[in-house]
Amino acid sequence: MDSNEIRQLDLQDDPLDAGRYPIDPWKFTEYGEPTAESATLFSLSNGTIGVRGEANAPRNLGSGTFLSGFHETFAIRHAEEAYGFARVGQVVQGVPDTVDFKFSVDGKELSNPRKTSQTLDFKEGTATRSYMYDIDDGVSLEIDIVTMVCLFRADLMATALTFKAHGRDLNVHVEGKMNTDHPVVSRAVDPRKADLIADGGLRKLEVDAISRGVADESFGAFHCLHSGLTMGVGFCQQTGDEMIPEVFDIEVPDGGEKQVLRYAAYNTYPINPIGVDKGLEVATIGTQNSAELIRLCAQTLNWAVAQGLERLQEQQRAWLTRFWEESDVAIVDGGDGRLQQTMHWELFELAQATATVENGVSAKGLSGTGYSGHYFWDTETYIVPFLIYTNPARARDILSYRFRMLPAARKRARMMSVEGALFPWRGINGEEASAFFEAGTAQCHIDADIAYAVCQYVSATDDHEFLATQGIDILVETARMWASLGYMGWDGTFHINTVTGPDEYTALVDDNYYTNAMAQFNLRKAAEALESLDGDELNAAVQRLSIKPGESMRWREVAELMKLPYDEKLGVHLQDDDVLRREPWDFEHDTQRPLLLHYHPIVIYRRRVLKQTDTVLALYLLSSKFGMDVKRRDFDFYDPLTTGDSSLSAASQCILAAEVGYGDLAMQYFLESLYADVANLHSNTSDGIHLASAGGVWMSVVAGFGGLRDSGGEEFSIDPHLPNEWDSLTYRLVVHGSRLVVTVTHGGVTVRRVSGDPVTLKVKGELRTV
């Protein structure tokens, strides 16, 4: 398949070769030579460290290992300069690998294994690479490399190498030096890929030797040339109780096996986007700081060795046991199990990417370099809901990172001539890194998306302390942005002009429906949140945020008068003021996909064509505001215009299609979302996981077929739409601190309370106390 194509899924067939990818609900295995996509599909992460799997292509940016928030910067060169353009680009930077090994027998380096496979184990939390090498006639060597990135500890990973000899005793020479080769790449033509200038990257720092009875080369400190970010890494390895160097020989008896354990630790200074003028605050580069990072790595390694691999594995299994108890989605469909297997793969990716999250969650997590490691509104709209209803503490961590971005967002707002705070469209450290403002910076709906997630979280968790200390700051500053961005028109309504909604194929429009509707929600919720604070909390917020008398009343007035385009004749909400005046796209003849790689942006902008759902997404997020007839008419109007070039599109299309009664279409969209990565439907799985799409898979099942709605905290209801092909669906939720298990069959809905206090919710239109 051409790298610029979007694959159409044949719903009648298994999208994967069952011989190459056998079906197992709790494992994902690939037999045979790996592909470029394999590195992504078999990647491991804990939200702080990410390690890519084996592939038949070079590792991007010279590494298959990444650290959360660790990035390089570069000067953005615009064809023509203008005030306010993003000046500094950001790109995730690969760090030294500790899982690369070279093997030799009888002085000959091993290559071209007779058999090879990779396995991702969803219960063990490990990735296994297996190789079978023919040494000579009747003699072979089997090597298994099992890697575990610890979900229970942010800075640690472990690898076990097992050697098995067949035919005779074998002396295996192993080179396990740290891979510090980090070549950089030039600008990518495809904006979905990575970007980096030629003179950036890692530089090794000289530090005092750390004595652990192993070679000094087993430790290192590095910094990015331009961003100044510094990281330390170290590893140690042993066979039995003996510590061994990074290059060693091991005797493997015929018919027997030998094992080598390697523990690796990574540490980096946290990203603190707190400086109003400095933007990104980083530790000073120097020997002292670098030595401290290495000391922390050595400390972690001492702890790991004392624990031992077996104890670490027990902790990993225990973490995942809790995760599956709290987050599993069980589908009984009478099929061969591929659907359930892939559902578990998606959930496992969400678990990995958010286990120890500190610096937000990027669009690719830590599985690859796609989108340069940036994160977008995808996080709050597609990933945070999953966490809110399964692990609220981690949802709060992500929202707290947005809170820490506020100083940089305030700075950006001043540059863009608006009040309050304007969060970056894309980036890593809190600064705007999008040079393409038409489909980037103009997407100011990011403010409302974050505010929506704050309200959704507070409503589902009753975490008033977060609202009073962090959430209120986000709500107030984003409300201020909206009130100053728009204006009161001659028609008596409030207009927001020259923006881009979630649909990036419709740019710089007036009164985008999604943007205006979400801004309205943001404004109202900010005013309500202020009213919910008690006296001391309110006084503290007024002082901290310099809230003026009557300011919240102004937000309510703006919200009440917000322009929400609607066509009475068609009976549909208009995506923007000009959508009906644009020429329809010629879907019959202009068929190349994705459009962004085959047509100039202007060609796309002047047509009526969508990259992803826009108005339809608002129908889901603000569900309680719309009747069923309105939802169906809007869906019927916009769905034929949507190309699905965005991997996010299928999820919201699935949810609405299920709700308005288009079961077959909902299933088609669900499968497109489910198999986006494992079947490489968008031809870019090699660049990393579509993590928001994984969140969208959860939403498709729980909100689409499972019928969950909260409208950003304005309601809580369950009204399922179980597919005809399925016998049952079971999913898990945390609501107001109580854990619930929801089971949907064609005979009805059962909601069981596992822990916590009784919860009252609306099920199929009737109030029910669980």
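Q: Is Ser-417 buried or exposed in this predicted model?
A: Ser-417 is found in the loop between α7 (406–415) and α8 (446–461). Its phi is positive, about 60°, although Ser-417 is not a glycine. The relative accessible area is 65%. Exposed means over 50%, so Ser-417 is exposed.

Q: Ser-683 has a positive phi of about 60°; does it count as buried or exposed?
A: Ser-683 is not a glycine, despite that positive phi. Its place is the loop between α17 (663–674) and α18 (691–705). The relative accessibility is 10%. The cut-off for buried is under 20%, so Ser-683 counts as buried.

Q: What is the relative accessible area of Glu-380?
A: Glu-380 lies in helix α5 (residues 378–388). Leaving aside neighbours within four places in sequence, Glu-380 is in contact with residues including Ile-398, Leu-399 and Arg-402. Asp-449, Ile-450 and Ala-453 are also among its contacts. Glu-380 is buried, and its relative accessible area is 2%.

Q: How far apart in space are Glu-380 and Gln-668, C-alpha to C-alpha?
A: In sequence, 288 residues separate the two. In space, the C-alpha to C-alpha distance between Glu-380 and Gln-668 is 25 Å.

Q: What span should helix α6 (residues 392–404) have at 1.5 Å a residue?
A: Helix α6 has 13 residues. The expected span is 1.5 Å times one less than the number of residues. The end C-alpha atoms of α6 are 18 Å apart, which agrees with the expected value of 18 Å.

Q: Which residues of α6 are buried?
A: Buried means under 20% relative accessible area. In α6, that group holds Pro-392, Arg-394, Ala-395, Ile-398, Leu-399, Ser-400, Tyr-401 and Arg-402.

Q: How many of the 17 residues of α4 are buried?
A: Helix α4 covers residues 338–354. From first C-alpha to last it reaches 25 Å, close to the 24 Å expected at 1.5 Å a residue. The helix is largely enclosed by the rest of the structure, because the buried count is 17 of 17.

Q: Which residue does a cis peptide bond join to Arg-593?
A: The omega of this bond is about -10°. The partner's place is in the loop between β27 (583–584) and α13 (601–605). That partner is Pro-594.

Q: What is the relative accessible area of Tyr-505?
A: Tyr-505 lies in the loop between β24 (494–495) and α10 (513–532). Beyond its neighbours within four places in sequence, Tyr-505 is in contact with Pro-594, Leu-595 and Leu-596, among others. Tyr-605, Lys-611 and Asp-645 are also among its contacts. Tyr-505 is buried, at 3%.

Q: What distance separates the C-alpha atoms of Tyr-505 and Asp-590?
A: Along the chain, Tyr-505 and Asp-590 are 85 residues apart. Their C-alpha atoms are separated by 15 Å.

Q: What is the radius of gyration of the protein chain?
A: The chain has 18 helices and 35 strands. The globule rule gives 27 Å for 770 residues. The chain's value is close to that, so it is as compact as a globular protein of that length. The radius of gyration is 26 Å.

Q: What share of the 770 residues is buried?
A: The C-alpha trace spans about 85 × 60 × 60 Å along its principal axes. The chain exposes about 28700 Å², with carbon and sulfur atoms supplying 48% of it. Buried residues make up 61%.

Technical notes. Residues are numbered from 1 along each chain as its sequence is written. This is a predicted model: local features need pLDDT of at least 70, side-chain atom pairs count only at pLDDT 80 or more; totals for chains, interfaces and linings use all residues. Side-chain values use heavy atoms; hydrogens and water are left out. Helices (H or I, at least four residues) and strands (E, at least two) are DSSP runs, numbered from the N terminus. Buried means under 20% relative accessible area, exposed over 50%, partly exposed in between (1.4 Å probe, protein chains only). The radius of gyration is taken over C-alpha atoms; the globule rule is 2.2 Å times the number of residues to the power 0.38. Accessible areas come from the Shrake-Rupley method with a 1.4 Å probe; for residues, only the protein chains shown count as cover. Contact means heavy atoms within 4.5 Å.
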